[in-house]
Amino acid sequence: MAERTPRTRGRDPLGLKRAMADRLLPGLVAAMALLAALALAGANAAATMASRWEGGAAAAMMVQLPRSIAVAPAASRLAALPGVAEAIPLDHDRLAALLRPWLGDASGLPLPGMIELRLTSLGPASLALPAAIEATIPGAQVEAHGVWVARLSALARSLQALAWLVLALVAGVAAAMVAVATRAGIAARRATILILHDMGATDGTIARRFAGRIAWLAGLGAVLGAAAAAPLLWLLGGLAAPLLGDTLTMPWAALAALPPAAAAIAWATAHAAVRLWLRSLP
Amino acid sequence: MVRLDNITLRYRPNATPALNGVDCHLAAGSFSWLMGPSGAGKSSFLKLLHLAVRPSAGQLHVMGRAIHTARRQELPGLRRRIGVVFQDFRLLPHLDVLENVALPLRIAGRGERQLLADATEMLRWVGLGERLKARPEELSGGEQQRVALARAVVARPALLLADEPTSNLDEAQSRRVVALLQQMHRLGSTVVVATHNQWLAEENPAAMLRLEAGRLVEHG
């Protein structure tokens, strides 16, 4: 009968589970993941606001026609102007409905012809549009409230860019923390690394062991951070709902992607740090 | 197997060379004693041979490969064919005896079942078949030395180097370790043993390398 080979736990020859067992790294990565989740939510909300303003009120102009101009042909001419996506004549009933809160039943009043213009964007073409309308239909009056909306939209875009910058900063700080933790791990296992190196372990083998351990710890931390962020995002989404309505979607997919992203950043950083250190050996 | 041509080794630029103008050739399958007083350069000589350092000047060939010009990536493969018994054993304290011996096989990518069987067999060969799960600190100096020897030979190295393998052992234990080294030699390994023990070399006649102040003064 063949003798049994003893079972053993030898898949960690560097002893990294002991050398890098502390809770500091997962805790720090959890905090970073929480910040990243908030930055993601901020970027998402700012993008939603900007889109809503650009595509909604900002992209509309009201044109009041002189009494002598027929509405339908004027709408066709305005629709042909550059920067105009759609020209929608407002019929008498709708105008009356709009005026009802102020004038009561105005069905008997003579109302001017009104056309709502939907713009393709709030680009430079929209700034030249009032003059083009005036040239196309002399006497037409244009009400453009796009300027202040454009400023709000620019603000929202700036906030979005800022949120992405914060996210990049969080990723950079997380990578720096991982590099420090890896250095500490190398210092704790220097003698062991040298022995493995002398036995013929390649740089890749040693670096992968460190990277695997660090990635596990960082991934674990990011799971905790993302879990802590979820109720916060839900709460913030509820607060923003009256402002943004049903157009606001929470970044749940991005939140779910945080742990693998954190693990990937940690793996790559640790791998590079260990390889860099190993290059000092013959 | 090993060829040194006018080798000089300095650990820092402008420092006194640890080895100075060393020429020697070790044939495949040979057994050599490496002797000399403390500080003569024995450990440096062995470090060169197991590729822990590269020569500052001269040409070094190990197993047909020119080490002085080899790219760094080429060395791990060569190191896996070299077994080393270190003077201070260098057993990993966080691993048990079996895992320490299995380490070279694990590095070589051997399958889990096979490597544990081979490591177990090797520990039985050095008389430690009953101490597989012991930690290094639970073993005596002699037992640790035998574990270090088992680890050095478990991957059947082509070149086996031992740095003062009997320095912490009594006569009986020393003879046992040398017998194991000779057994590896009979199995085909090229063996170089650094020692202070003149009587061991006299009891077991073999080629002699004698270093003094970094120079090879006897080779034959």
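## A walk through chain B, with a stop at chain A

Start by selecting helix 1 of chain B, residues 42-49. This helix lies across strand 3 (31-35), strand 6, strand 7, strand 8 (190-194) and strand 9 (207-212) of chain B, and it runs at about 155° to strand 7 of chain B. Keep in mind as you look around that this is a predicted model.

Stay on helix 1 of chain B for a moment and colour it by burial. Of its 8 residues, 6 are buried, so the helix is mostly covered. The buried ones are Lys42(B), Ser44(B), Phe45(B), Leu46(B), Leu48(B) and Leu49(B). Now step just past the end of helix 1 of chain B and click on Leu51(B): this residue takes a positive phi of about 65°.

**Next stop: the six-stranded sheet**

Show the strands that helix 1 of chain B lies across, and add strand 10 of chain B. In what order do the 6 strands of this open sheet of chain B come? The order is 6-7-8-3-9-10, and the pairing is mixed. At the edges you will find strand 6 (82-85) and strand 10 (215-219) of chain B, each of which pairs on one side only. Going from one strand to the next, the twist averages 20°.

Zoom in on the edge formed by strand 6 of chain B. Strand 6 of chain B pairs with strand 7 of chain B, residues 159-163, in the parallel sense, over 4 bridges. For a landmark, pick Val84(B): its bridge partner in strand 7 of chain B is Leu161(B).

While strand 7 of chain B is on screen, bring up helix 6 of chain B, residues 171-186. This helix packs on the sheet and touches strand 3, strand 7 and strand 8 of chain B. Its direction makes about 140° with that of strand 3 of chain B.

**Inside the sheet: strand 3**

Now select residues 31-35 of chain B. How many of the 5 residues in strand 3 of chain B are buried? The count is 5 of 5, and the strand is mostly covered. In a regular strand the side chains alternate between the two faces of the sheet. Turn the view to see each face of strand 3 of chain B: Phe31(B), Trp33(B) and Met35(B) are on one side, Ser32(B) and Leu34(B) are on the other, and both faces are covered.

Look to either neighbour of strand 3 of chain B in turn. Strand 8 of chain B runs parallel to strand 3 of chain B and is joined to it by 4 bridges; here Leu34(B) has Ala194(B) as its bridge partner. Strand 9 of chain B also pairs with strand 3 of chain B in the parallel sense, over 4 bridges. To find that pairing, select Trp33(B) and its bridge partner in strand 9 of chain B, Met208(B).

**Over to the four-stranded sheet**

Go back to helix 1 of chain B and look for other strands it meets. The helix lies across strand 1, strand 2 and strand 4 (57-62) of chain B, running at about 125° to strand 1 of chain B. These strands belong to an open sheet of 4 strands with the order 2-1-4-5 and antiparallel pairing. Its edge strands are strand 2 (19-26) and strand 5 (65-66) of chain B.

Strand 1 and strand 2 of chain B pair in the antiparallel sense over 5 bridges. Click on Leu9(B), and then on its bridge partner in strand 2 of chain B, Leu19(B).

Another residue to visit is Asp5(B), in strand 1 of chain B, residues 2-9. Is Asp5(B) buried or partly exposed? At 23% relative accessibility, Asp5(B) counts as partly exposed, because buried means under 20%. Setting aside neighbours within four places in sequence, Asp5(B) is in contact with Val22(B), Asp23(B), Gly58(B), Gln59(B) and His61(B). Try a distance label from Asp5(B) to His25(B), 20 residues apart along the chain: their C-alpha atoms are separated by 8.5 Å.

**A pair of helices**

Select helix 3 (residues 97-107) and helix 4 (residues 112-125) of chain B. Their axes come within 9 Å and cross at roughly 125°, and the two helices are therefore oblique to each other. The crossing is right-handed. Among the residues that meet are Leu98(B) and Leu105(B) from helix 3 of chain B, and Leu115(B) and Met122(B) from helix 4 of chain B. The residues of this contact divide into 10 nonpolar, 1 polar and 4 charged.

**Last stop: chain A**

Finally, switch to chain A, which has 10 helices and 4 strands. Buried residues make up 42% of its 282 residues.

Notes. Residues numbered from 1 in each chain as written. Chains lettered and ligands numbered in written order. Predicted model: local features only at pLDDT ≥ 70, side-chain atom pairs only at ≥ 80, totals over all residues. Heavy atoms only, no water. Pairing = 2+ DSSP bridges. Axes fitted to C-alpha atoms, helices over the stretch in contact; angles between N-to-C directions. Contact = heavy atoms within 4.5 Å. Parallel < 35°, antiparallel > 145°, perpendicular 65-115°, else oblique. Left-handed = near helix turned anticlockwise from the far one by under 90°. Nonpolar A, V, L, I, M, F, W, Y, C, P; charged D, E, K, R; others polar. Buried < 20%, exposed > 50% of the residue type's maximum accessible area, 1.4 Å probe, protein only.
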